[in-house]
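This report examines selected strands, nonpolar cores and loop residues of one protein chain. Please keep the sequence and the structure in view while reading.

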Amino acid sequence: MKLLLLTPAPQGSLSGNRATAERWAGLLEGLGHRVTVGTNYDARQARDSDALIALHAWRSRDAVTRWRREQGQKPVIVALTGTDLYRFQYSHPEQTLATMAAADGLIVLHHLAWQVVPEELRSRITVVLQSAATPPERASRLPADNDRFDLCVIGHLREEKDPLRAALAARLLPPESRIHILQAGKAQHNSWARAARQEMANNSRYQWLGELPREQASQLMGQCRAMVISSTMEGGANVVSEACRAGLPVLASDIPGNLGLLGEHYPGVYPVGDEQALAELMLRAEQEPEWLDNLRRLVDRLALGFTPEKEQASLEEALAKAVTLSPVD
């Protein structure tokens, strides 16, 4: 098939939406499809395409509306992001739910997302777990400074990520703790950049590294003992897949987007927004090697579900479902 894959993130962006779009394009091409990746609806590209895959229901609402108006009943798949699931379908219900209803197939990125999808649309869902390549070598987890116990936070600095929660938790640690927070990610607004710089000035346990290329972010994972994902909402963060494939234990907020990847009974979670509970979890990781090793065994097991082959098969399933549900012959 000829597929048009639309993402709101422009070419060259290091955002998760762009990385997902480019990875999916490669996986779909591996199945024999021809894929055009774009950021805006193009009538000529749409005419030449057999199906549309749109990332982000709310941001793709105009593209999906035009596709339906101009391309009739040709199949449409909408991939639901965390903000679609946990914000926009409540703050902008008319546009977001209309886009979801217009789709023949819905892609979600974690196993608990169905809970907030309208019941009448749940039969259209396919769970596609985002994949990550296995690093060439397992990291030794020994940082350059052996006197430190480095934890990483990887993700853009924006409200949904609750980005400074790990830094705030580190302030609560006892003086003898060796924990140090290394944070990588672009500040969405200048206010977040100022907040990160201010935190560095006031918190000797915290360092903001700014936005890093993917290879350097992978190297950062390699030098750390665990990763913190402190988000208040997630659609199924690819950084969790990357950490699991790298054998890096994860300390996570207990939101559905994290539990839907790590498992509802994963032990390395804390109540979202609770830096005291996160500090206790971080300290346990530092002081109880057996507990941390157990987390590592758990993420190793989870890593088997985050392979490119699994993701490719799920995309094939989503496309087949959409074609079946579309009224087009």
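Are the faces of strand E10 (residues 226-229) covered or uncovered, and which residues lie on each side? Both faces are covered: Ala-226 and Val-228 on one side, and Met-227 and Ile-229 on the other, are all buried. Buried means under 20% relative accessible area, exposed means over 50%, and partly exposed lies in between, with a 1.4 Å probe and protein chains only. Strands (E, at least two residues) and helices (H or I, at least four) are DSSP runs numbered from the N terminus.

The model is predicted, so local features need pLDDT of at least 70 and side-chain atom pairs count only at pLDDT 80 or more, while totals for chains, interfaces and linings use all residues. Residues are numbered from 1 along each chain as its sequence is written, and side-chain values use heavy atoms, with hydrogens and water left out.

**Strand pairing**

Two strands pair if DSSP finds at least two bridges between them. Strand E7 (residues 149-154) pairs with E10 in the parallel sense over two bridges, and Leu-151 has Ala-226 in E10 as its bridge partner. E10 also runs parallel to strand E11 (residues 250-253), to which three bridges join it. Here Val-228 has Leu-251 in E11 as its bridge partner. From E10 the chain crosses through helix H9 (residues 238-245) to E11, and this β-α-β crossover is right-handed. That is, with the strands pointing away from the viewer, the path from the first strand over the helix to the second runs clockwise.

**Nonpolar cores**

A nonpolar core is a set of buried Ala, Val, Leu, Ile, Met, Phe, Trp, Tyr and Cys residues joined through side-chain atoms within 4.5 Å. The largest has 56 residues, and those with the most contacts inside it include Met-227, Ile-229 and Leu-251. Helix H11 (residues 275-287) gives the largest share of this core, seven residues. Apart from it lies another core, of 24 residues, among them Leu-85 and Val-117.

Leaving aside neighbours within four places in sequence, Leu-251 is in contact (heavy atoms within 4.5 Å) with residues including Ala-226, Val-228, Leu-281 and Trp-291.

**Positive phi in two loops**

Two residues other than glycine have a positive phi.

| Residue | Phi | Loop | Relative accessible area |
|---|---|---|---|
| His-56 | near 85° | between strand E3 (51-55) and helix H3 (61-71) | 2%, buried |
| Asp-162 | near 45° | between E7 and helix H6 (165-170) | 11%, buried |
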